[in-house]
Amino acid sequence: MTQPFLPTFGPLLRQMRKRAGMTQSDLAAAVGYSISTISSLEKESRRPDVETVAQRFIPALGLQDEPALAARLVEAAALLRREPPPPQITATRRNYLSPLQNNPFHLPTPPTPLVGRDAEVRALCNRLLGHSGRLMTLLGPPGIGKSRLALEIAVRLHSAWRNGAIFVMLAALDDPALLLPTLARAIGLSVEQEKFTAERLVGHLRRKEMLLVLDNFEQIIPARWLVAELLAECPSLRALVTSQERLHLRIEQRVRVQPLAPEAALDLFVQRARTVQENFSPIAEEREVVSAICQRLDYLPLALELSAARMDTLSPQALLAGLSEEPLALLRDGPTHLPPHQRTLTAAIRRSYLLLAPDEQQLFRWLGVFAAFFDGEGVAGLGMDSTGLASLVAHSLLQQERQGEETRYRLLESLRHFAREQLAIAGEALAAHTRYTAWLLALTQRADMAMRTAARPHWLARLDREIENLRGGLAWAVQHQPEMAVALAGTLQEFWYSRGYNDEGQMWLGRALAATSIPSRQRVRALNALGQLLAQQSELDEAEKRLEEAAVLARSLGDQAGLAESLRLTGWVAYDRHERSRTIDLFQESLLLFRAVGDELHAADILTSLAHVDVFNPQADRAGLYTLLEESLAIYRGIGDVPGTIFSLYQKGQLAVGEGAYPAAIACFDEALTLARTLEQKPDIAWGLELLGEAYWLAEELASAGDCWREALHHFRVLGNREAIAITQHHLGQVSRRQGRWDEAAALYSESLVVHQAAGNQYMEARCLVGLGAVALARGEREQAARLLTEAKAMFDSLRPFLAPADATEFATLLASVG
């Protein structure tokens with residue numbers, strides 16, 4: 001049974017005073033207090049004395065013959081003082097026969113307990129009692145629980161008014177003119193429709209003190225004049241209205257009802273599921289599935305109750321799968337005791353949809369193509385008038401949120417599926433989805449043009465905000481417009497790379513390319529993007545295969561820029577294979593092509609890449625390398641290209657490392673890393689940390705080196721770059737060895753060695769052998785140390801010099817120790 005609500009003392013005292021027809025001055029005189037003290041008590045800026053309330057306030061307010069209300073007031077006073085109520089008051093409260101006992105009107109009996117709304121009910125009850133605005137409107141989309149919340153408030157508060165509360169259901173009304181006779185009948189007046197007037201209703205209610213609950217007002221909004229007149233003429237009347245649209249009255253308090261909190265939604269689902277399956281008690285894994293069900297249903301109470309009713313025939317896993325495919329089909333069979341529009345979620349949504357004007361219905365349908373939040377620009381991209389969004393928000397069919405400086409919108413999941421159903425019924429699905437995907441492509445093309453400018457951070461953030469829409473557009477395009485999918489996935493190349501979405505980028509690129517074989521420059525771009533992402537995860541064979549395919553296609557199409565990019569990326573694959581001569585040849589060929597098409601920016605990339613190849617070559621012209629890097633940096637900084645600036649700074653830092661100028665290297669790496677963090681450029685952050693850690697290591701700042709490498713390892717694991725993970729493990733092994741943690745160091749070196757041997761990376765393989773040899777020497781295992789260090793020397797002798805001076809010196813010392 002629903003328990004009577006105990007409002008806090010201040011609002012309840014105010015209501016009881018008004019109920020008794022007293023002013024603050026009247027009550028002050030009756031109890032021997034000042035007017036300011038009464039005001040402070042009602043505002044709760046002063047705590048009441050419980051005994052005084054019981055002995056003076058109860059008689060003054062005329063509550064001697066109403067023990068339930070008297071008990072409430074005294075108990076509220078005690079609670080405000082954080083004291084237990086007097087025993088006789090507790091006993092009186094226990095003896096309430098029913099919270100509806102003294103209500104002269106019939107309130108519907110709540111069929112089930114209200115779950116997850118207790119704090120909300122308390123706040124609204126206090127607000128309804130204490131606020132000067134006597135009209136409160138509960139607003140929200142279909143299925144959010146407005147009616148149940150209003151009923152709970154009425155049940156708990158009815159005795160606060162001398163004439164109680166009345167709950168009037170308006171869902172069946174389709175004509176605003178019917179509100180007047182409906183209200184008259186609800187309060188027991190005889191109605192002859194032609195003769196009954198608003199004046200007669202006002203005359204009957206003028207001296208009444210009561211709460212009038214009007215449920216489902218949205219379809220008779222023009223009848224708000226009657227509500228306004230009743231409140232103007234009946235000073236002791238309060239109205240609580242549920243509606244999807246506000247009444248637009250000056251005295252209206254508007255309350256936007258929110259979905260349930262996740263935990264409350266889960267509790268509601270479990271409770272309702274137990275009504276059809278008595279022993280339903282989900283274990284840990286099932287609770288995760290139920291939580292996913294609640295999230296899928298946007299935590300809407302009606303949707304949760306309808307889906308929980310399926311637990312007698314479906315497992316949670318099966319229900320979740322069904323909701324992912326056809327959510328509205330599983331939410332159709334509701335309780336027959338409810339009004340028709342509340343028995344199924346579809347009926348509730350359809351009823352709201354039919355209240356819209358034709359142009360609003362079309363806008364609502366077309367918004368169904370958005371997978372998540374969207375803005376006015378996206379709506380305009382569909383060819384729709386974005387000014388209509390305000391009307392859908394007003395009808396509670398569209399959620400509006402402020403995200404930073406931007407206003408964005410979204411449809412709840414159930415509303416989105418209904419919109420898509422209506423889109424298909426109207427025969428507009430193909431047109432809407434095509435425009436949606438075309439808008440996404442145009443958006444990503446604008447972003448792509450800005451990726452090498454100072455506007456890059458803005459556009460990366462914009463694509464971050466649209467990630468769910470990009471996924472939705474790609475999923476649809478792969479099935480229906482595969483060439484558009486190829487273009488869209490390829491244009492996102494910089495986004496996939498920068499944000500470290502290697503796996504997801506590969507998935508969409510692979511699916512799009514597999515869906516069509518039509519040759520195009522967009523296909524060249526997509527193949528290049530796929531090759532780059534594969535190389536990021538050390539899938540070098542597959543990467544080179546895709547890049548070769550891109551190069552062949554580019555040559556056949558005369559796509560010089562696409563070919564230049566294929567060669568550049570293949571050059572990096574060759575570099576990762578430690579094929580120095582081939583790397584340089586590919587970069588040089590790419591450089592000629594970029595210059596031929598007038599692309600100086602990408603030409604600067606190649607110059608920086610060529611400098612990188614020779615950065616640790618002692619025979620290289622180091623002054624020439626610095627010149628190349630300064631030339632590239634000037635180009636990058638001149639156009640505000642941050643990624644290029646980062647790349648050049650990393651190479652300058654490595655040149656400084658090769659010369660033993662570790663403070664200068666640290667300064668370069670630190671500046672570049674700061675820029676990379678600003679862009680949230682995940683691969684550059686990871687490699688920047690790796691390089692900065694190595695500079696700290698060489699400068700013998702072990703703690704800083706370890707911090708950098710541990711963070712780098714985390715990023716490389718997120719990116720899935722196996723070889724980079726192994727490189728960082730070697731470096732952390734160095735720190736562990738220097739700190740005397742031999743077992744830990746040996747494990748890190750060994751794990752790294754296995755990866756590098758499999759990848760054929762002799763440079764890192766030799767460094768791991770040196771580390772293991774140093775550990776063996778520290779343990780006194782001279783024979784093992786000599787074998788490992790000799791094996792490492794043989795590998796070093798077969799490779800071009802690459803060790804930093806400090807590392808080379810340490811190796812020579814170790815070798816001499818076993819010689």
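**Exercise 1.** Which residues do ring pairs link into a cluster?

*Solution.* Keep in mind that this is a predicted model. Look for Phe-370 and Phe-374, then add Tyr-409, Tyr-436 and Trp-439: ring pairs join these five into a cluster.

**Exercise 2.** Work out what kind of pair Tyr-33 and Phe-57 form, and what the pair ties together.

*Solution.* Start with the tally: the model has 20 aromatic pairs. For Tyr-33 and Phe-57, the ring centres sit 5.8 Å apart and the planes are at 70°, so call this one edge-to-face. The cut-off you need here is over 60 degrees. Next, place the residues: Tyr-33 is in the loop between helix H2 (24-31) and helix H3 (35-43), while Phe-57 is in helix H4 (residues 50-60), so the pair ties together parts 24 residues apart in sequence. Finally, check the exposure. Tyr-33 is partly exposed, at 24% relative accessible area, whereas Phe-57 is buried, at 1%.

**Exercise 3.** Do the same kind of analysis for Tyr-353 and Phe-418.

*Solution.* Geometry comes to begin with: centres 5.5 Å apart and planes at 75°, so Tyr-353 and Phe-418 make an edge-to-face pair. Now the location: Tyr-353 belongs to helix H17 (residues 345-354) and Phe-418 to helix H21 (residues 413-425), so parts 65 residues apart in sequence get tied together. As for exposure, Tyr-353 and Phe-418 are both buried.

**Exercise 4.** Describe how strands E6 and E7 pair up.

*Solution.* Strand E6 (residues 399-403) runs antiparallel to strand E7 (residues 406-410), with five bridges between them. Take Arg-402: its bridge partner in E7 is Thr-407. Then turn to the hairpin, where two residues lie between the strands and Gly-404 has a positive phi near 70°.

Key. Residues numbered from 1 in each chain as written. Predicted model: local features only at pLDDT ≥ 70, side-chain atom pairs only at ≥ 80, totals over all residues. Heavy atoms only, no water. Phe/Tyr/Trp six-rings, centres within 6.5 Å; stacked < 30°, edge-to-face > 60°. Helix = DSSP H or I, 4+ residues; strand = E, 2+ residues; numbered from the N terminus. Buried < 20%, exposed > 50% of the residue type's maximum accessible area, 1.4 Å probe, protein only. Pairing = 2+ DSSP bridges.
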